[in-house]
Amino acid sequence: AMAAMSLEEHHQWLLSTGHFSDLTLHARGAAGCRKKWRLHRSVVVRSPYFQRMLTGDWDEAKKQEIDLECLEVPGLTVDGLNAALHYLYAKKLEMLSMEAFAEALVALKFLLLDDAVTELLKSLDVTLPCKDWQSLTASAALHRETMPGLWKVVLEALCRDPIWVLDHVAEVHPDLLIALVNHSSLRIFKDISRYRLAEQILQALELPQSNGHAAPRAIL
């Protein structure tokens with residue numbers, strides 16, 4: 001006999017086996033990446049995105065199969081959507097890498113699971129080395145308006161290690177670089193000055209520098 005399962009374990013079992021599915025989601029991403037999920041309306045309506053789709057006056061509400069083009073949504077990937085669906089079913093997210101975490105956050109936001117995004121951002125440790133945050137910078141800039149919490153967390157992490165930023169200045173989004181120099185909690189070490197950091201940022205952004213004595217007010 002099957003052992004008793006918690007509600008989350010039961011939902012995870014439903015998603016992994018597809019048993020009793022009444023909805024199939026097909027997603028297509030970059031490089032021809034495709035994935036199919038056998039879902040359950042009674043579970044996915046916990047997401048406002050699915051709730052509106054499946055209960056409103058939409059064609060999808062009457063369909064048993066739904067197609068989703070991930071490339072039509074900035075930052076949305078098949079892997080990120082897979083992680084978000086697992087979180088929707090079982091309230092668990094396996095953070096294998098910061099890149100995977102960023103993709104999952106974008107997908108959770110796409111599913112309008114704002115509470116989940118907030119909860120997961122609280123779990124991030126801003127003291128982690130910046131090399132672990134590199135993959136989050138693009139997502140933070142891209143979704144600054146819709147996920148301000150992600151922007152804040154990433155910016156605080158970068159402020160703790162400006163030397164890393166100098167070594168990887170070309171890899172950090174320009175908006176984050178400018179916000180970094182202006183940030184009140186930027187940690188300046190004895191071998192780096194705020195001006196040196198601003199100068200490197202200006203060079204990376206290919207902006208004209210002032211007379212070589214001070215960075216423009218827009219940066220400082």
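Below, a biologist quizzes a modeller about the labels used for this predicted model.

Biologist: Let's start with the overall picture. What makes up the secondary structure of the protein chain?

Modeller: The protein chain has 11 helices and three strands. Along the sequence they come in the order α-β-β-α-α-β-α-α-α-α-α-α-α-α. The C-alpha trace spans about 70 × 40 × 30 Å along its principal axes, and 41% of the 220 residues count as buried.

Biologist: Okay, salt bridges. Why is the pair Arg-28 and Glu-69 called a salt bridge?

Modeller: The cut-off is a Lys or Arg side-chain nitrogen within 4 Å of an Asp or Glu carboxyl oxygen. In Arg-28 and Glu-69 the closest N and O atoms are 2.4 Å apart, so the pair earns the name. Arg-28 sits in strand β1 and Glu-69 in strand β3, so the bridge ties together parts that are 41 residues apart in sequence.

Biologist: And why is Arg-28 called partly exposed rather than buried or exposed?

Modeller: Buried means under 20% relative accessible area and exposed means over 50%. Arg-28 has 33%, so partly exposed is the label that fits. Glu-69, with 28%, is partly exposed too.

Biologist: How do you know that Asp-132 and Lys-131 meet in a salt bridge?

Modeller: Their N to O distance is 3.5 Å, and the limit is 4 Å, so the pair counts. As for exposure, Asp-132 is partly exposed at 26%, whereas Lys-131 has 56% and is exposed, because the line for exposed is drawn at over 50%.

Biologist: How many salt bridges does the structure hold?

Modeller: Three. Among them is the one between Asp-114 and Lys-109, with the closest N and O atoms 2.9 Å apart. Asp-114 is partly exposed, with a relative accessible area of 36%.

Biologist: Now helix α3. Which of its residues are buried?

Modeller: Phe-50, Met-53 and Leu-54 are the buried ones in α3, which runs over residues 48-55.

Biologist: How do you know that the buried residues of α3 line one face of the helix?

Modeller: Look down the axis of α3: the buried residues fall within an arc of 85 degrees, so they line one face. As background, an α-helix has 3.6 residues a turn, so residues three or four places apart point the same way.

Biologist: What does the face turned away from the buried side of α3 carry?

Modeller: That face carries Arg-52 and Thr-55, which are exposed.

Biologist: And what do the buried residues of α3 pack against?

Modeller: They pack against β1 (23-28), β2 (34-39), α2 (41-44), β3 (65-69) and α4 (78-90).

How values were computed:
Residues numbered from 1 in each chain as written. Predicted model: local features only at pLDDT ≥ 70, side-chain atom pairs only at ≥ 80, totals over all residues. Heavy atoms only, no water. Buried < 20%, exposed > 50% of the residue type's maximum accessible area, 1.4 Å probe, protein only. Helix = DSSP H or I, 4+ residues; strand = E, 2+ residues; numbered from the N terminus. Arc of directions from axis to C-beta. Contact = heavy atoms within 4.5 Å.
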